[in-house]
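Thanks, everyone, for making the time this morning. I would like to walk through one model with you, going from the whole chain down to a few single residues, and I will try to be careful about what the coordinates do and do not say.

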Amino acid sequence: SFSLGDGPATLWRGISGVSNGTLRGELGEIMDLKFFPAGDRLVASGSNGATIIWSAWTGEVLHVLKRPLLPEGNLLEVQVFPDGERLVTLGAQWGALIWNASSGELLLTLPTAGA
């Protein structure tokens, strides 16, 4: 589980209540946060357009996804594919970006109409 407050998010180990670490990274306000299907990683999108993948066990940053030069704006949502190998970030101004979750590589850009 995790908790949010005025500072970074903290990871907690289920029933024991022992902290697994702190999620660090520049996101602005967290817009969406999801665990990967295997429970080993989590990903968050932020109001500054950033997306970060962390280890759910240690809180270590595994990838900071750098979107290409697109219009400024919030990332509204992040979804992890059921296989845990890819994820999609959604923004109202630029559409959907599909990423390789293991390498952080941008695989595909699906722009919104008129973008």
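The chain exposes about 6,200 Å² of surface, and carbon and sulfur atoms supply 56% of that area. Please keep in mind throughout that what you see is a predicted model. Of its 115 residues, 39% count as buried. If we take the contacts in the chain with a separation of 6 or more, residues 24 or more positions apart account for 30% of them.

Which elements does the chain contain? There are eleven strands and zero helices, so to speak of the order of elements from the N terminus is to say β-β-β-β-β-β-β-β-β-β-β.

Let me begin with the sheet whose strands come in the order 4-5-6-7, an open sheet of four strands with antiparallel pairing. Its edges are strand 4, residues 30–35, and strand 7, residues 61–65, each of which pairs on one side only. From one strand to the next, the twist averages 15°. As a reminder from general background, strands of a sheet pair through backbone hydrogen bonds, either parallel or antiparallel. Here, strand 4 runs antiparallel to strand 5, which covers residues 41–46, and five bridges join the two. If you want one pair to locate on the screen, take F35, whose bridge partner in strand 5 is L42.

The other sheet I want to show is also open, with four strands in the order 8-9-10-11 and antiparallel pairing. Strand 8 and strand 11, the latter at 106–110, stand at the edges with a single partner strand each, so one side of each is left without a neighbour in the sheet. Neighbouring strands of this sheet are turned against each other by 15° on average, if direction is ignored.

Going through this sheet pair by pair, strand 8, residues 77–80, and strand 9, residues 86–91, are held in the antiparallel sense over four bridges, and E77 has L90 as its bridge partner in strand 9. These two strands form a hairpin with five residues between them, and in that turn G84 has a positive phi of about 75°. Strand 9 then leads into strand 10 by a hairpin of three residues. Six bridges join strand 9 to strand 10, residues 95–100, and the two run antiparallel; one of the pairs to look for is G91, with G95 as its bridge partner in strand 10. Finally, strand 10 and strand 11 are antiparallel and joined by four bridges, with L108 of strand 11 as the bridge partner of I98.

Now to the interior. Which residues make up the largest nonpolar core? There are eleven in all, namely F36, V43, I53, L65, V78, V80, L87, W94, L97, W99 and A101. Strand 8 and strand 10 each supply at least two residues of this core. A second, separate core has six residues, including L42, A44, W54 and A56. To see how one member of the largest core is surrounded, consider V43: leaving out residues up to four places away in sequence, V43 touches D32, L33, K34, F36, T51, I52, I53, W54, V78, V80 and L87.

Two single residues deserve a closer look before I stop. H63 is found in strand 7, and the side chain of H63 reaches the backbone oxygen of S102 at 2.5 Å. Apart from neighbours within four places in sequence, H63 is in contact with T51, I52, I53, A101, S102, S103 and G104.

The second residue is P111, which lies in the segment after strand 11. Is P111 buried or exposed? The relative accessible area of P111 is 52%, and because the cut-off for exposed is over 50%, P111 counts as exposed. Even so, P111 touches W94 and G95, not counting residues up to four places away in sequence. P111 and A96 are 15 residues apart in sequence, while their C-alpha atoms are 6.3 Å apart in space.

That is where I will leave it, and I am happy to go back to any of these views.

Terms used:
Residues numbered from 1 in each chain as written. Predicted model: local features only at pLDDT ≥ 70, side-chain atom pairs only at ≥ 80, totals over all residues. Heavy atoms only, no water. Pairing = 2+ DSSP bridges. Axes fitted to C-alpha atoms, helices over the stretch in contact; angles between N-to-C directions. Polar contact = N/O pair within 3.5 Å; in protein donor to acceptor, adjacent residues only side chain to side chain. Contact = heavy atoms within 4.5 Å. Core = buried A, V, L, I, M, F, W, Y, C linked by side-chain atoms within 4.5 Å. Buried < 20%, exposed > 50% of the residue type's maximum accessible area, 1.4 Å probe, protein only. Areas by Shrake-Rupley, 256 points an atom, 1.4 Å probe, with all protein chains shown as cover.
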